[in-house]
Amino acid sequence: MMAEVSMLKPTAANPATSPTLTDVLAASVNAKAVDALALLKKAAAELKAVTFANSFGVEDMVLTDIILKNKLAIDIFSLDTGRLPVETYDLMAATEKYYNTKLNVFFPQAQTVEFYVKNHGINAFYESIDLRKSCCHMRKVEPLQRALKGKTAWITGMRAAQATTRTSLPVREYDEANKLEKFNPLSDWTEQEVWAYIRLHNVPFNALHDQFYPSIGCAPCTRAVAVGEDVRAGRWWWEDPTSKECGLHVK
Ligand code: SF4
């Protein structure tokens, strides 16, 4: 049963007039949300041990809403790198309250972080791509590997339009690095459709999105973007766009 998704309805429907832009957008979101729900259900039924990585970006909040409101048999986990913005922690707390749930949070290994900081410095990720990638590895990739252990598939909120590194993102793929199936149910969603879903369902979201942060990661590696800039321009802004992935989604 698609209980929550089927609640999406165009507003101000009037059979005597042509559909408004809002009607068209709501209909588009409605159809895509139904597809995403069907894909998630199929993944859970087919692969059993399925987990969703919620990084509290706006796309991930859409999937969190669909999974929890429809009580899907999909675990949800999050990574706390130790360098997240305070607004993300606020959203984590708000999510627990709104959905009456408890988060499953994975942290980096304390000894590895201590070693890195002692040898390279607390903000060494600004100094070179290698040091940035090793920081992402210890704070994100290694905890992700622990979170995926024993799982047969994982779900992400990635969209193809988010970055030049994601333009050919399929809805389903084999994650060679982690050796399991990977689903990207929002692959073909536009940013406008994501926000339409959030507004139509009153889904909680990160307050930084209202301060020109379309994509949010760790605090020291994320900045606001200017009008017209790429959605991911505020992530690792000092690096070349083609290298801007943290290692969670490598081929
Ligand atoms: S985004 Fe920045 S602070 Fe966060 S893990 Fe990567 S390099 Fe480290």
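Trainee: How many helices and strands are there in the protein?

Mentor: Helices (H or I, at least four residues) and strands (E, at least two) are DSSP runs, numbered from the N terminus. Here there are six helices and six strands, and along the sequence they follow the pattern α-β-α-β-α-β-α-α-β-β-β-α. Bear in mind that this is a predicted model: local features need pLDDT of at least 70, side-chain atom pairs count only at pLDDT 80 or more, and totals for chains, interfaces and linings use all residues. Residues are numbered from 1 along each chain as its sequence is written.

Trainee: In which sense do strand 1 and strand 2 pair?

Mentor: Two strands pair if DSSP finds at least two bridges between them. Strand 1 and strand 2 do so in the parallel sense, over three bridges, and F52 has I76 in strand 2 as its bridge partner. Between these two strands the chain passes through helix 2, in a right-handed β-α-β crossover. Right-handed is the term used if, with the strands pointing away from the viewer, the path from the first strand over the helix to the second runs clockwise.

Trainee: What do strand 2, helix 3 and strand 3 make?

Mentor: Together with helix 3 (residues 86-99), the two strands make a right-handed β-α-β unit. Strand 2 and strand 3 (residues 105-106) run parallel, joined by two bridges, and L79 is partnered by F106 in strand 3.

Trainee: Which residues of the largest nonpolar core touch the most other members?

Mentor: In soluble globular proteins, nonpolar side chains tend to be buried together. A nonpolar core is a set of buried Ala, Val, Leu, Ile, Met, Phe, Trp, Tyr and Cys residues joined through C-beta atoms within 7 Å. Buried takes 20 or more other C-beta atoms within 10 Å of a residue's own, with C-beta atoms placed from the backbone. In this model the largest core has 35 residues, and L40, F52, V62, I66, I67, I74 and I155 touch the most other members. Helix 1 gives the largest share, seven residues. Another core, of eight residues, lies apart from it and includes Y116, F125, C136 and C221.

Trainee: How many residues surround the ligand?

Mentor: A residue is near a molecule if its C-beta atom, placed from the backbone, lies within 6 Å of it. By that rule 13 residues surround the ligand, the closest being F125, C135, C136, C218 and C221.

Technical notes
Buried ≥ 20, exposed ≤ 12 C-beta atoms within 10 Å, placed from the backbone.
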